[in-house]
Amino acid sequence: MRAYLDAHPEFEGIAVGAFVFNPDGKLLLVQRAAHDSLPLLWEIPGGACDFEDESLLHAVARELWEESGLCTKSIDALVGKGLVFFTRRGHRMCKYSFMTEVEGYDVELDPNEHQAYLWVTEEEARAGKCGDVEFKYTFKEQQLAVYEAFGLKNGKHE
């Protein structure tokens, strides 16, 4: 990761995300903890790459495990392009998100980072409502990436 950042001085860090669909075709969304940045907003599992990560793909698998307890089986397509954003400390980051297959679907959240999760259909993702739960995404770009992931999953393009 250090080599990547050295080659891309415009970024102070790299983040990754995992689009995980269950056998029913529903996407995993996680709600950020109330005490964390972007409190109570929803996103896909992911986080910052560590310098020790051998690659973006290793970072995806590590972050998915840390945040959801899910074990990565395979990492497939990159969804969209890198999403540039700023942290609460003003660091410029780029986030890359991937379609990710997992070995099981029993989610165990890290309460320091997330407090709830949902498996949503495409219609629910677009409506921002799953059952009685209304949700808002961390960023508009995260919302659009969710739509794009459903498009890839269903063989459609946004």
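**Backbone outliers, ring contacts and pockets**

Leu40 is partly exposed, with a relative accessible area of 40%. In this predicted model, Leu40 belongs to the loop that joins E2 and E3, and its phi angle is near 70°, a positive value in a residue other than glycine. Leu38 is placed in the loop between E2 and strand E3 (42-43). The phi angle of Leu38 is near 50°, again positive in a residue other than glycine. With a relative accessibility of 31%, Leu38 counts as partly exposed.

Aromatic contacts were examined next. The count comes to 5 aromatic pairs. One of them joins Phe21 and Phe150 in an edge-to-face arrangement, with 5.1 Å from centre to centre and 80° between the planes. Phe21 is located in the loop between strand E1 (13-20) and strand E2 (27-32), whereas Phe150 is part of helix H4 (residues 140-153), so this contact ties together parts that are 129 residues apart in sequence. Both partners have low values of accessibility: Phe21 counts as buried at 7% relative accessibility, and Phe150 counts as buried at 1%.

A further aromatic pair is formed by Phe85 and Phe139, whose rings are tilted, with 5.8 Å between the centres and 45° between the planes. Distant parts of the chain are linked by this pair, since Phe85 is in strand E5 (residues 72-86) and Phe139 is in the loop between strand E9 (133-134) and H4, 54 residues apart. The relative accessible area of Phe85 is 16%, and this residue is therefore buried, the threshold being under 20%. Phe139, by contrast, is partly exposed, with a relative accessible area of 28%. Elsewhere, ring pairs connect Trp42, Phe135 and Tyr137 into a cluster. A contact between a charge and a ring is also present: the charged end of Arg126 sits over the ring of Tyr147, at 4.3 Å from the ring centre.

The cysteine residues were considered with respect to covalent cross-links. The structure holds 0 disulfides. For Cys71, the closest cysteine sulfur is that of Cys49, at 18 Å, which is too far for a bond because a disulfide requires sulfur atoms within 2.5 Å. The sulfur of Cys94 likewise has its closest cysteine sulfur in Cys49, at 9.9 Å, and this separation is also too far for a bond. The surroundings of these residues can be described by their accessibility: Cys71 counts as partly exposed at 36% relative accessibility, whereas Cys94 counts as buried at 3%.

Two pockets are described here. The largest pocket contains about 700 Å³ of space. Its lining comprises 27 residues, of which Arg32, Ser37, Ala48, Phe85 and Thr87 are the closest to the centre. The elements contributing two or more residues to this lining are E1, strand E4 (46-48), helix H2 (56-68), E5 and strand E6 (92-102). By class, the lining of the largest pocket is made up of 9 nonpolar, 8 polar and 10 charged residues. Phe85 thus appears in two contexts, as one of the residues closest to the centre of the largest pocket and as the partner of Phe139 in the tilted ring pair.

The second largest pocket has a volume of about 190 Å³. It is lined by 15 residues, and those closest to its centre are Val79, Lys81, Leu83, Glu141 and Ala145. Two or more residues are given to this lining by each of E5, E6 and H4. The lining of the second largest pocket divides by class into 7 nonpolar, 4 polar and 4 charged residues. Strands E5 and E6 are thus among the elements that give two or more residues to the lining of the largest pocket, and they also do so for the second largest pocket. Helix H4, which holds Phe150, is likewise an element that gives two or more residues to the lining of the second largest pocket.

A final position of note is Ser55, in the loop between E4 and H2. Ser55 counts as partly exposed, at 23% relative accessibility. Ser55 and Arg2 are separated by 53 residues in sequence, and their C-alpha atoms are 9.9 Å apart in space.

Key:
Residues are numbered from 1 along each chain as its sequence is written. This is a predicted model: local features need pLDDT of at least 70, side-chain atom pairs count only at pLDDT 80 or more; totals for chains, interfaces and linings use all residues. Side-chain values use heavy atoms; hydrogens and water are left out. Rings of Phe, Tyr and Trp (its six-membered ring) pair if their centres lie within 6.5 Å; planes under 30 degrees apart count as stacked, over 60 as edge-to-face and the rest as tilted. Helices (H or I, at least four residues) and strands (E, at least two) are DSSP runs, numbered from the N terminus. Buried means under 20% relative accessible area, exposed over 50%, partly exposed in between (1.4 Å probe, protein chains only). A charge sits over a ring if NZ of Lys or CZ of Arg is within 6 Å of the ring centre and within 35 degrees of the ring normal. On a 1 Å grid over the protein atoms alone, a cavity is a set of points where a 1.4 Å probe fits but cannot get out, and a pocket is an open set with protein on both sides within 12 Å along at least five of seven lines; lining residues have an atom within 4 Å of a point. Grid points are joined across faces, edges and corners, and a volume is the space filled by probe spheres set on the points. Ala, Val, Leu, Ile, Met, Phe, Trp, Tyr, Cys and Pro count as nonpolar, Asp, Glu, Lys and Arg as charged, and the others, Gly among them, as polar.
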